[in-house]
Amino acid sequence: MPESSCATGFLGDPNKDPVIELRALRIDGTDVPLKDGDDLAIIFPPQGGRVAFVGVRATNVDGCAIQLTGALRDPISQQVRLEGRTLNLNRTDDGWGTTGTGVSTDIANSDAISQYSNIPLCPNQWASQDVFDKTFELEVVVVDKRNKKADVKINVVPRCAEPGTKETACRCLCKNGYSGEPCGEDAGVK
């Protein structure tokens, strides 16, 4: 078996329960803490549609080959949109590990955003309400290769984060009952 190229190693104390703090990308590429009741940026990704980029800061886990899953639930219909991926956390000076690099990320760079769960939110053919300016439940789960697991659930308010015609396109794609109508040249749906 090939040797892992992950240098992160174990973060924190292997005898303690894992701890995670939620993070998210803003439209300017900054990685910010995400707390209960916060806004969650809806962003146009390279693959099209609209997503939320959600990550973590974690300790007491193996930082290599972490399974990160992010899910957004409509509190009315209970419908869920989720996305998961395997990634290596980046060790920080305080001994924790984090998704992303800790510096501003170019959202158009698929390598940079691959460190985050890219939760697909729009086109909205799933929620019983607009997927913007309404409260949704966000759940993030982390499982390391030793099967140590941590999860956090909070309420967030998704917001169309891009200015101008991209915001207009976001509101069109993310509205309740979207049925495939054109949303403008910046919609990002082909």
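# A tour starting at Asp-133

Select Asp-133 to begin: with a relative accessibility of 33%, Asp-133 counts as partly exposed. Keep in mind while you click around that this is a predicted model. Asp-133 sits in the loop between β11 and β12. Check its backbone too: phi of Asp-133 is near 60°, which is a positive value in a residue other than glycine. For background, most residues other than glycine have a negative phi.

**Next stop: Arg-159**

Now add Arg-159 to the selection and show side chains. Asp-133 and Arg-159 meet in a salt bridge, 2.9 Å from N to O. This pair links distant parts of the chain, with Arg-159 in strand β13 and Asp-133 in the loop between β11 and β12, 26 residues apart. Arg-159 is partly exposed, at a relative accessible area of 30%.

What else does the side chain of Arg-159 meet in a salt bridge? Select Asp-39: the two side chains come together at 3.0 Å, N to O. Asp-39 belongs to strand β4 and Arg-159 to strand β13, so this pair ties together parts that are 120 residues apart in sequence. Asp-39 is partly exposed, with a relative accessible area of 46%.

Add Glu-167 and Arg-171 as well, and you have the whole group: Asp-39, Asp-133, Arg-159, Glu-167 and Arg-171 are linked in a network of salt bridges. Across the structure, the count comes to 12 salt bridges.

**One residue along: Leu-40**

From Asp-39, step to Leu-40, which lies in strand β4 (residues 39-42). Is Leu-40 buried or exposed? Its relative accessible area is 1%, and the cut-off for buried is under 20%, so Leu-40 is buried.

Show what surrounds it. Setting aside residues up to four places away in sequence, Leu-40 touches Ala-24, Leu-34, Ala-52, Val-54, Leu-72, Val-156, Val-157, Pro-158 and Arg-159. Try a distance label between the C-alpha atoms of Leu-40 and Pro-158: they are separated by 4.5 Å, though the two residues are 118 apart along the chain.

**Into the core**

One of those contacts, Leu-72, is a good next pick. In the largest nonpolar core, which has 38 residues, Leu-72, Val-131 and Leu-138 touch the most other members. To see where this core comes from, colour β2 (19-25), β4, β5 (50-59), β7 (66-73), β11 (117-122), β12 (136-143), β13 (149-160) and α2 (165-173); each supplies at least two of its residues. There is also a second, separate core of seven residues, including Leu-25, Val-51, Phe-53 and Ile-113. As a rule, nonpolar side chains in soluble globular proteins tend to be buried together.

**The rings**

Select Trp-126 and Phe-136 next. The structure holds one aromatic pair, and here the ring centres are 6.0 Å apart with the planes at 55°, so the pair is tilted. Trp-126 lies in the loop between β11 and β12 and Phe-136 in strand β12, so the pair ties together parts that are 10 residues apart in sequence. Both Trp-126 and Phe-136 are buried.

Then jump to Trp-96. Which residue lies over its face? Arg-57 does, at 4.1 Å from the ring centre.

**Another salt bridge**

Pick Arg-146 and Asp-62, whose side chains meet in a salt bridge of 3.9 Å, N to O. Arg-146 is in the loop between β12 and β13, while Asp-62 is in strand β6 (residues 61-62), so the pair ties together parts that are 84 residues apart in sequence. Asp-62 counts as buried, at 7% relative accessibility.

**Backbone oddities**

Stay around there and select Ala-65, in the loop between β6 and β7. Ala-65 has a positive phi of about 55° although it is not a glycine. At 30% relative accessibility, Ala-65 counts as partly exposed.

Now go to Pro-123, which is in the loop between β11 and β12. Turn on the backbone atoms: the peptide bond from Cys-122 to Pro-123 is cis, with omega near 15°. Most peptide bonds are trans.

**Zoom out**

Switch to a cartoon of everything. The secondary structure comes to two helices and 13 strands. Of the 190 residues, 48% count as buried. Among contacts with a separation of 6 or more, 68% are between residues 24 or more positions apart. Finally, switch on the surface: the protein exposes about 9,200 Å², and carbon and sulfur atoms supply 46% of it.

Notes. Residues are numbered from 1 along each chain as its sequence is written. This is a predicted model: local features need pLDDT of at least 70, side-chain atom pairs count only at pLDDT 80 or more; totals for chains, interfaces and linings use all residues. Side-chain values use heavy atoms; hydrogens and water are left out. Helices (H or I, at least four residues) and strands (E, at least two) are DSSP runs, numbered from the N terminus. Buried means under 20% relative accessible area, exposed over 50%, partly exposed in between (1.4 Å probe, protein chains only). Contact means heavy atoms within 4.5 Å. A nonpolar core is a set of buried Ala, Val, Leu, Ile, Met, Phe, Trp, Tyr and Cys residues joined through side-chain atoms within 4.5 Å. Accessible areas come from the Shrake-Rupley method with a 1.4 Å probe; for residues, only the protein chains shown count as cover. Rings of Phe, Tyr and Trp (its six-membered ring) pair if their centres lie within 6.5 Å; planes under 30 degrees apart count as stacked, over 60 as edge-to-face and the rest as tilted. A charge sits over a ring if NZ of Lys or CZ of Arg is within 6 Å of the ring centre and within 35 degrees of the ring normal. A salt bridge is a side-chain nitrogen of Lys or Arg within 4 Å of a carboxyl oxygen of Asp or Glu.
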